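Welcome! Take a moment to turn the model around on your screen, and then let's walk through a few of its features together.

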Amino acid sequence: MTMTVFLRRGMETDVFDANYYTGSLFYELVILLVDGVSELPMTAERLSVSCKQKDLRYYPAWPYAIPATILKVPLSFVESLIWTCLTYYVIGYSPQIWRNIGNIQVKVNLKRKQIGV
């Protein structure tokens with residue numbers, strides 16, 4: 001849907017096209033941020049087990065938190081890379097490789113912050 005709504009067309013450098021690019025970037029970031037809401041019930045279920053283990057002094061909290069975080073970091077990188085590869089050139093952002101890498105880095109950082117929620 002993103003690639004059809006924000007399809008590349010002959011654009012100049014003016015305020016209207018800048019709003020177009022800004023809107024597409026905002027839409028991408030919101031989609032990536034809302035994408036992790038489905039993981040919140042699993043986190044809530046895991047939290048009750050972690051609290052029971054902590055109260056009974058079986059395990060500390062870090063054995064439950066570290067594996068989940070380690071598994072989600074590469075997944076967030078792959079998801080951000082796929083999203084950027086699908087949308088970056090179709091929408092018509094700058095073809096410079098450093099800007100593309102910067103775009104991927106922003107999306108990976110957003111997904112990592114989403115994991116910490």
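A salt bridge is a side-chain nitrogen of Lys or Arg within 4 Å of a carboxyl oxygen of Asp or Glu. Keep that in mind as you read, and remember that this is a predicted model.

**How confident is the prediction?**

The chain has a mean pLDDT of 77, and 87% of its residues reach 70 or more. Two helices mark the ends of the range among the elements of the chain: H1 has the lowest mean pLDDT and H5 the highest.

| Helix | Residues | Mean pLDDT |
|---|---|---|
| H1 | residues 2-5 | 60 |
| H5 | residues 97-115 | 83 |

**Two helices that meet**

Now find helix H2, which covers residues 15-34, and look at how H2 passes H5. Their axes come within 9 Å and cross at roughly 35°, and the crossing is right-handed. Which residues meet here? From H2 come Leu25, Glu28, Leu29, Leu32 and Leu33, while H5 brings Asn103, Val106, Lys107, Leu110, Lys111 and Gln114.

Leucine 110 is a good residue to click on. This leucine lies in helix H5, and, leaving aside neighbours within four places in sequence, leucine 110 is in contact with Leu29, Leu32 and Leu33. You can also compare its position with that of serine 80: the two are 30 residues apart along the chain, and their C-alpha atoms are separated by 9.3 Å.

**A salt bridge between the helices**

How many salt bridges does a search of the whole structure find? The search finds two. In one of them, lysine 107 pairs with glutamate 28, and the closest N and O atoms are 2.4 Å apart. That distance is within the 4 Å cut-off, so the pair counts as a salt bridge. The partners come from distant parts of the chain: lysine 107 sits in helix H5 and glutamate 28 in helix H2, 79 residues apart.

**A nonpolar patch on the surface**

Finally, look at the surface. Phe26, Val30, Leu33, Val34, Val37 and Leu40 make a nonpolar patch of about 530 Å². Helix H2 gives the largest share of this patch, with four residues. Valine 34 is found in helix H2.

Key
Residues numbered from 1 in each chain as written. Predicted model: local features only at pLDDT ≥ 70, side-chain atom pairs only at ≥ 80, totals over all residues. Heavy atoms only, no water. pLDDT = per-residue confidence, 0-100. Patch = residues over 30% accessible without salt bridge, like charges linked within 9 Å, V, L, I, M, F, W, Y side chains within 5 Å. Areas by Shrake-Rupley, 256 points an atom, 1.4 Å probe, with all protein chains shown as cover. Axes fitted to C-alpha atoms, helices over the stretch in contact; angles between N-to-C directions. Left-handed = near helix turned anticlockwise from the far one by under 90°. Contact = heavy atoms within 4.5 Å.
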